[in-house]
Amino acid sequence: SVRIYDFISNSQLSEIKFKQGGTALTWAPRVVNPKGGLIAVGFEDGVVRIIEVYDPKGLPILAGQTNTENAAINLKQAFKPHTAAVTALAYEQNGDVLATGSKDKTVFFFAVEDEYEPIGFICVPGPVQALQWSPPSHVKSMLLILCENGFALQVPAPLPEEQDTESTYQIKNLPTQYFHFYSIKSRIKVKNSPLEEEIALREKKKQEKEKAKLEWIKQQQEMGKEIEEEEPEEEPEEEPLPPLYIPEEPSPILCGFYSAPGKFWLSLGGYDSGFLYHCEFSNDHQDDPENRQDEPFEVIPIEDTDSNPIHQISFCTSRLLMFCGMQNGALRVYPLQDKGLSVNTLKEYWSFNVHDNDYGQIQGICSSYDDRFLITCGGDGNIFTFNVLSPEDVHKELKAKIPSPRSGLEKEKATEDIEDPNACNIEEVKQKKEYERIMKEAEEKKNKKREELIALRHEFLVLLQKNQELPKHMQLPREVHL
């Protein structure tokens, strides 16, 4: 189900139910819907539904009916771009494109119009964890795609007019940059441990020995003595240093965000938790992204996150506060002085233990449009609301404003929903139509050939009849050898 809450009055305003559970949700920006009543919701069966929230009191009152509800929800459109759960939804900054990501390792693009039209999809190396469009400060509109298995990708927004969707929606020529995270945590640990001192000591001894040998050779040459090549002395075996640890299974990417064009921050789980990693897309192209080993160029250690990684990161509008949702259900708030991340800016923070320690992993954080409130959602099924401003600054007369309904909404027929979880997705429907078109063309060719054969057979029978009517000495035998 999808529920609309007024968090100021702590009351539920409306609810709409579907057969499958919801897995992702995003509120359409004002450039898409100026009234602010449009929501895109992804479901576990791969379906995306566009719903609209409105105040039913704004509809014309029909005879015998009264509109007493505070809010109502209407299904505007339903389409199925994926074969598995939808995990991410993101509107482009100018509102022209909606991107949807899924566990089926695809990202689908839609042209945002009154009816959402499919542009096409791309295949990615792993299940999609998160999607983020570049902010307005970036010159080009790019999409950051984060996959669960350590891959990050960057692609431009595809243009609908450049896509050939006659036989398939798959986009094969979209310029793509890859980043395959390669663990450096073992090296960071070595650098900050006695092992680093041992490595430096061994290197120093080796250099001193080489320097002494060169000085001895120089002295011998000055004395006019010939230096015979000596067999190299066998060096005493040193105890081998422990190898750097690289996890066999890539650490999962939990969340991330753009920092600059082509650069982004990542938070990882598993072995590589405990740090924020600053990464950059390179321009070198490899045929197989799986063979890439890309390393971050900057790391920031985050206090007490080795076994309690950051799962969600969000910012207030001014970007002077960074909100982090932790695995143990705690909320952290980092004050940022210069709108950028550094070791110094992430030293101090406020922490609030709000969700369940074991089952309350924070799965969503967002602030209200005016930055007055912060909402957190946890795996424990709880939603918490916080006043970002002090109580003195929060006006008591604040009240949720429900958008007015669209003109003519009451006359529209109910939108056809996709209730069958095994229904074909958009690409499968396209492939089915393409298969039917090919089979139809093949059948038409067969029918044409059959008609030609029937005509030839008829012509042959006419010739046989004429042959039979000739005098016997003029008739051709049935078997003619040419």
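This is a short tour of a predicted model, with a few residues to select at each stop.

**Stop one: Ser14**

Start by selecting residues 11-16, which make up strand E2, and pick out Ser14 within that strand. Is Ser14 buried or exposed? Ser14 is buried, because its relative accessible area is 10%, under the 20% cut-off. Now bring up its surroundings: leaving aside residues up to four places away in sequence, Ser14 touches Val2, Arg3, Ile4, Ala71, Ala72 and Ile73. Zoom in on Ala71 from that list, since there's a polar detail to look at here. A polar atom of the Ser14 side chain sits 3.5 Å from the backbone oxygen of Ala71.

**Stop two: the cysteines**

Next, show the cysteine side chains. How many disulfides does a search of the whole structure find? The count is 0. Select Cys366 to see a case: this residue is in no disulfide, and its nearest cysteine sulfur belongs to Cys377, 6.5 Å away. Those two sulfurs don't qualify as a disulfide because the pair would have to be within 2.5 Å.

Try the accessibility of two cysteines while you're here. Cys279 is buried, with a relative accessible area of 0%, whereas Cys366 is partly exposed at 42%.

**Stop three: the E23 and E24 hairpin**

Keep Cys366 on screen and add strand E23 (residues 362-367) and strand E24 (residues 373-378). The two strands run antiparallel and are joined by 5 bridges. Where does Cys366 fit in? Look across to E24, where Ile375 stands opposite Cys366.

Now follow the chain round the turn. This hairpin has 5 residues between the strands, and Asp371 is found in that loop, between E23 and E24. Check the backbone of Asp371: phi is near 65 degrees, a positive value in a residue other than glycine. Despite its place in a loop, Asp371 is buried, with a relative accessible area of 16%.

**Stop four: Asp304**

For the last stop, select strand E18 (298-301) and strand E19 (310-315), then go to Asp304 in the loop between them. What is phi of Asp304 near? The value is 55 degrees, again positive, and again in a residue other than glycine. Put Asp304 and Asp371 side by side to finish. Asp304 counts as exposed, because its relative accessibility is 55% and the exposed class begins over 50%. Asp371, by contrast, is buried at 16%.

Methods
Residues numbered from 1 in each chain as written. Predicted model: local features only at pLDDT ≥ 70, side-chain atom pairs only at ≥ 80, totals over all residues. Heavy atoms only, no water. Helix = DSSP H or I, 4+ residues; strand = E, 2+ residues; numbered from the N terminus. Buried < 20%, exposed > 50% of the residue type's maximum accessible area, 1.4 Å probe, protein only. Polar contact = N/O pair within 3.5 Å; in protein donor to acceptor, adjacent residues only side chain to side chain. Contact = heavy atoms within 4.5 Å. Pairing = 2+ DSSP bridges.
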